[in-house]
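Here is a quick walk through a protein model, written for someone who wants to know which parts to look at and how far to trust them. Have the viewer open alongside.

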Amino acid sequence: MKRIFLLLVFALPFAASAQKLTESAIEDISTKMAAQFLKLNDPALVFVTEQMSRSGAGGLEVDKTMQDLKKEPAAMDAALKYLFQYSDCNRQTFIANLRAMNLSSGNVFPVATYTVNKYKDEAKALTDEKKELYRIGAIPKAITLMVAPPANLDAVTTTNLPASAAPANTQTAAGTPAKPAGPANVSAAGVTEPADTRNWDVRLVFGMVKPDQLQALYGKENVELRDATDFDGNDVGKAWVVYPDTENEMSVIFYADSTKSITFGQENTKWKSPFGIKPGDPLEKVQKVNTRGFRINGFEWTNGGTVASWDGGALDKKGVHILFRAQNTGDPKLYDQFTGDKSFRSDAASVKKLGVVVEKIEFRTQP
């Protein structure tokens, strides 16, 4: 009996330590991942950051999150999860990658143990997902330069871009036109056109601090200052509109408190937005991203069709604002259940019959 007691005394602290990282390990992994991230072309961190952005684990400004993971425990766990996934969910490969980041030797095994234990039940799913992401090209081998359409190449430059917004693996000097890369496209008329080499990652915009950077990256002729309205049609001042009147139209407002709002309303947009949500997406997809049902304001009323509350889901307090519309409104008896001065649950059984989709989506950064 005494021997069993002693075994428990020694075993319990060890088991507990496997479930929690020390402050030293947290500080170490945060610092080392930030250092690797700032290199911009480290394959492991490119993968991790892409997955953080795809899943929304990095928030709207994933670049900031990656540079100070210790402030957000959930983001820290996600970063370790995706590094584990990058390592093919193999403990030894994971350890090798931790060492490659120069993690202190005393923290390597505790971090590896913590991560492997936490995600061992997801190992197969993570490995399969990685293979699929590479197969379909969802995770790039390198981050490419965002350039204007081929006709406007002389307007493209990375001048004045902050470090967090500057794309990786580019040899283009400030003020030097970027050159289109890749195979050419042949139009219906048989005319050969330069390939579209643009990087549609919205993270480039989140890293900006002034409108001049939009014009520098996308070309002055592709950016206009226009009147802006909120989801309810109320005037909210001016917005800088990138690629106006096209399927890739994007509105950006720079606020005095250094925050920004970025809005999309075109279903066929090429922009790669946070959480993978875009106009035209069904309600069910947004609900899956949020990990639970949420509340929507009744249609055809003040703030109609907007999210009233994320109900503590993954999108709660992340600066995500969505306007929904119902496609199937032909049945007045059904539609009336979801209109007026009230809110309703997104997971209510009869909501599916309305064919609710995302009409517009706004991402608002924090100060």
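Let's start at a small backbone detail: right after helix 8 comes G137, and its phi is positive, near 75°. Keep in mind that this is a predicted model.

Backing up into helix 8 itself, the buried residues are A123, L126, T127, K130 and L133. They span an arc of only 125° around the axis, which means they sit on the same side of helix 8. That pattern has a simple background: an α-helix has 3.6 residues a turn, so residues three or four places apart point the same way. On the other side of helix 8 you'll find K124, A125, K131 and R135, which are exposed. As for what lies over the buried residues of helix 8, the cover includes helix 3, helix 5 and helix 7.

Helix 2 is another one to look at. Its buried residues are A25, D28, I29, S30, K32, M33, A34, Q36 and F37. These pack against helix 3 (43–55), helix 4 (62–66), helix 5 (73–86), helix 6 (91–100) and helix 7 (105–119).

How do the lengths of these two helices check out at 1.5 Å a residue?

| Helix | Residues | Expected span | C-alpha end-to-end distance |
|---|---|---|---|
| helix 2 | 15 residues (23–37) | 21 Å | 21 Å |
| helix 8 | 13 residues (123–135) | 18 Å | 18 Å |

For helix 2 the two values agree, and for helix 8 they agree as well.

Zooming out, the protein chain has 12 helices and 11 strands. Of its 367 residues, 46% are buried. The chain exposes about 18600 Å², with carbon and sulfur atoms supplying 53% of that area. If you take the contacts between residues at least 6 apart in sequence, 61% join residues at least 24 apart.

Now for confidence. The mean pLDDT of the protein chain is 81, and 80% of its residues reach 70 or more. Among the elements, strand 7 (residues 295–297) has the highest mean pLDDT, 97, while helix 1 (residues 2–18) has the lowest, 45. Over residues 4–18 the pLDDT is below 50, and this stretch has 4 contacts in the model beyond near neighbours in sequence. Residues 142–184 also have pLDDT below 50, but that stretch has 102 contacts beyond near neighbours in sequence. Where pLDDT is low, the predicted coordinates should not be read in detail.

Terms used. Residues are numbered from 1 along each chain as its sequence is written. This is a predicted model: local features need pLDDT of at least 70, side-chain atom pairs count only at pLDDT 80 or more; totals for chains, interfaces and linings use all residues. Side-chain values use heavy atoms; hydrogens and water are left out. Helices (H or I, at least four residues) and strands (E, at least two) are DSSP runs, numbered from the N terminus. Buried means under 20% relative accessible area, exposed over 50%, partly exposed in between (1.4 Å probe, protein chains only). Contact means heavy atoms within 4.5 Å. Accessible areas come from the Shrake-Rupley method with a 1.4 Å probe; for residues, only the protein chains shown count as cover. The expected span of a helix is 1.5 Å times one less than its number of residues. The arc is that of the directions from the helix axis to the C-beta atoms. pLDDT is the predictor's confidence in each residue, from 0 to 100.
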